[in-house]
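Work through the exercises below with the sequence and coordinates open. Each task is followed by a solution in steps.

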Amino acid sequence: METVLGVRGARHSYGATRALDGVDLDVGAGECVALLGPNGAGKTTLVNMVVGLLPAGDGVVRVCGGDPRVAATRRRLGVVQQSLGFPTTLKVGELVTGAAVRAGASRSAAGPVLAELDLTDLAGRRAAKLSGGQQQRLQLAMALVADPRLLVLDEPTAGLDLPARRRFWRLLAHRRERGTGVLITTHLIEESAAVADRVVVLDGGRVRASGTPDELVARLPDRTVIAKTSIGRARLEALPGVVSVRTDGEHVHLGTRTPEAVLRVLLAEDPGLSGLRVESAGLEEAVAGLMNRGAA
Ligand SMILES: Nc1ncnc2c1ncn2[C@@H]1O[C@H](COP(=O)(O)OP(=O)(O)OP(=O)(O)O)[C@@H](O)[C@H]1O
């Protein structure tokens with residue numbers, strides 16, 4: 001498979017904060033890779049490197065073999081980032097045509113993309129007058145109009161309702177069939193499982209896990225057992241079926257796929273157990289489970 005994105009040893013610090021600490025990442029033509037991680041994991045920093053806004057430290061970033069800090073390489077890229085924005089006094093059609101021309105495509109590329117994103121009827125409307133979801137579709141139209149080899153999408157479905165999300169995923173699938181590689185960042189495990197061929201879990205500026213969604217989901221805890229207990233952390237980590245251990249004030253949160261078995265052992269080993277409840281596992285447990293360690 002042709003590689004449209006290659007990242008090797010990417011490193012970046014903001015003052016004393018090490019945001020990325022030696023990250024490797026590849027995206028092949030037609031492949032969708034989801035970058036998953038909690039707040040502050042380093043996702044945005046990595047995306048900024050991929051789109052040429054930040055240098056890669058002593059690492060290397062290549063888009064279709066070129067440096068994304070060079071304009072000719074950036075033309076192969078389509079980007080949707082919350083922070084990008086656009087001049088809201090311009091009309092939808094003008095913005096998409098302008099994006100086509102800037103990326104070296106013909107003005108006539110705008111029409112089909114507007115239609116693909118259901119924006120044809122809004123082409124004459126000022127961008128400022130669009131709803132949040134329509135603005136997101138406009139950003140995507142601008143990113144897609146020059147038929148990029150790599151599409152970089154930073155939290156692209158935040159603010160979209162479920163039908164809009166599904167439409168968006170279908171559109172991505174269509175583009176991927178034509179060979180566009182996709183790098184998508186998300187907080188949502190469900191989303192990454194729905195769209196990605198591979199998921200890369202980033203935390204603390206490092207890749208903690210990667211694999212197909214099925215491989216990762218099989219390692220995810222799906223329930224959290226919460227309790228106040230005098231059982232020590234080392235013992236909790238060793239309990240059969242416990243995938244992650246996290247403390248939250250006086251409570252411990254145990255990520256597991258076998259909550260009944262965990263409950264039986266807890267009740268047997270701690271007569272003073274209290275505050276017991278079982279919930280669906282959230283992202284923190286899931287990511288802690290994926291990383292095979294408890295978040296402190
Ligand atoms: N401009 C900046 N100045 C200083 N520190 C920064 C800056 N941008 C990010 N950081 C820090 O770098 C680390 C990585 O941040 P980054 O924004 O890349 O994470 P993220 O995974 O995108 O998080 P989120 O999901 O919250 O957007 C964090 O500790 C963050 O506080």
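The exercises go from the whole chain to the ligand shell and then to single residues; the model is predicted.

**Exercise 1. Overall layout**

Task: State how many helices and strands the protein chain has, and give the domain bounds and the distance between the domain centres.

Solution:
- Step 1. The protein chain contains eleven helices and 13 strands.
- Step 2. Along the principal axes, its C-alpha atoms occupy a box of roughly 75 × 45 × 35 Å.
- Step 3. The domain assignment places residues 3–217 in domain 1 and residues 223–290 in domain 2.
- Step 4. Between the C-alpha centres of domain 1 and domain 2 the distance is 37 Å.
- Step 5. Of the contacts in the protein chain between residues at least 6 apart in sequence, 68% link residues at least 24 apart.

**Exercise 2. Nonpolar cores**

Task: Find the largest nonpolar core and the residues with the most contacts inside it, then identify another core apart from it.

Solution:
- Step 1. Of the 296 residues in the protein chain, 41% are buried.
- Step 2. Nonpolar side chains tend to be buried together in soluble globular proteins.
- Step 3. The largest nonpolar core here has 66 residues, and the most contacts inside it belong to Val50, Val96, Ala141, Val145, Val152 and Leu183.
- Step 4. Helix H5 (residues 132–144) contributes the largest share of this core, six residues.
- Step 5. Another core lies apart from it; this one has ten residues, including Val225, Leu236, Val252 and Leu254.
- Step 6. Take Val152 from the largest core: beyond four places in sequence, Val152 touches Val47, Val50, Val51, Leu77, Val79 and Leu183.

**Exercise 3. The ligand shell**

Task: List the residues around the ligand, sort them by class, and say which element supplies the largest share.

Solution:
- Step 1. Around the ligand are Tyr14, Thr17, Ala19, Gly37, Asn39, Gly40, Ala41, Gly42, Lys43, Thr44 and Thr45.
- Step 2. By class, this shell has seven polar, three nonpolar and one charged residues.
- Step 3. Strand S2 (17–28) and helix H1 (43–50) each provide at least two residues of the shell.
- Step 4. The largest share, three residues, is from H1.

**Exercise 4. Three residues and their exposure**

Task: Locate Ala29, Arg8 and Pro163, and explain the exposure class of Ala29, Arg8 and Pro163.

Solution:
- Step 1. Ala29 sits in the loop between S2 and strand S3 (32–36).
- Step 2. Ala29 has 17 other C-beta atoms within 10 Å, so Ala29 is partly exposed; the buried class needs 20 or more, and the exposed class 12 or fewer.
- Step 3. Outside four places in sequence, the contacts of Ala29 are Met1, Glu2, Val4, Gly179 and Gly181.
- Step 4. Ala29 and Val265, 236 residues apart along the chain, have C-alpha atoms separated by 49 Å.
- Step 5. Arg8 belongs to strand S1 (residues 3–14), and Arg8 is partly exposed because there are 15 C-beta neighbours inside 10 Å.
- Step 6. Beyond four places in sequence, Arg8 touches Asp24, Gly59 and Val60; for Arg8 and Asp24, 16 residues apart in sequence, the C-alpha to C-alpha distance is 4.5 Å.
- Step 7. Pro163 is part of helix H6 (residues 162–177); Pro163 has 8 C-beta neighbours inside 10 Å and therefore counts as exposed.
- Step 8. From Pro163 to Gly40 the C-alpha to C-alpha distance is 29 Å, with their positions 123 residues apart in sequence.

Definitions and conventions
Residues are numbered from 1 along each chain as its sequence is written. This is a predicted model: local features need pLDDT of at least 70, side-chain atom pairs count only at pLDDT 80 or more; totals for chains, interfaces and linings use all residues. Helices (H or I, at least four residues) and strands (E, at least two) are DSSP runs, numbered from the N terminus. Two residues are in contact if their C-beta atoms, placed from the backbone, lie within 7 Å. Domain bounds come from an automatic or database domain assignment. A nonpolar core is a set of buried Ala, Val, Leu, Ile, Met, Phe, Trp, Tyr and Cys residues joined through C-beta atoms within 7 Å. A residue is near a molecule or strand if its C-beta atom, placed from the backbone, lies within 6 Å of it. Ala, Val, Leu, Ile, Met, Phe, Trp, Tyr, Cys and Pro count as nonpolar, Asp, Glu, Lys and Arg as charged, and the others, Gly among them, as polar.
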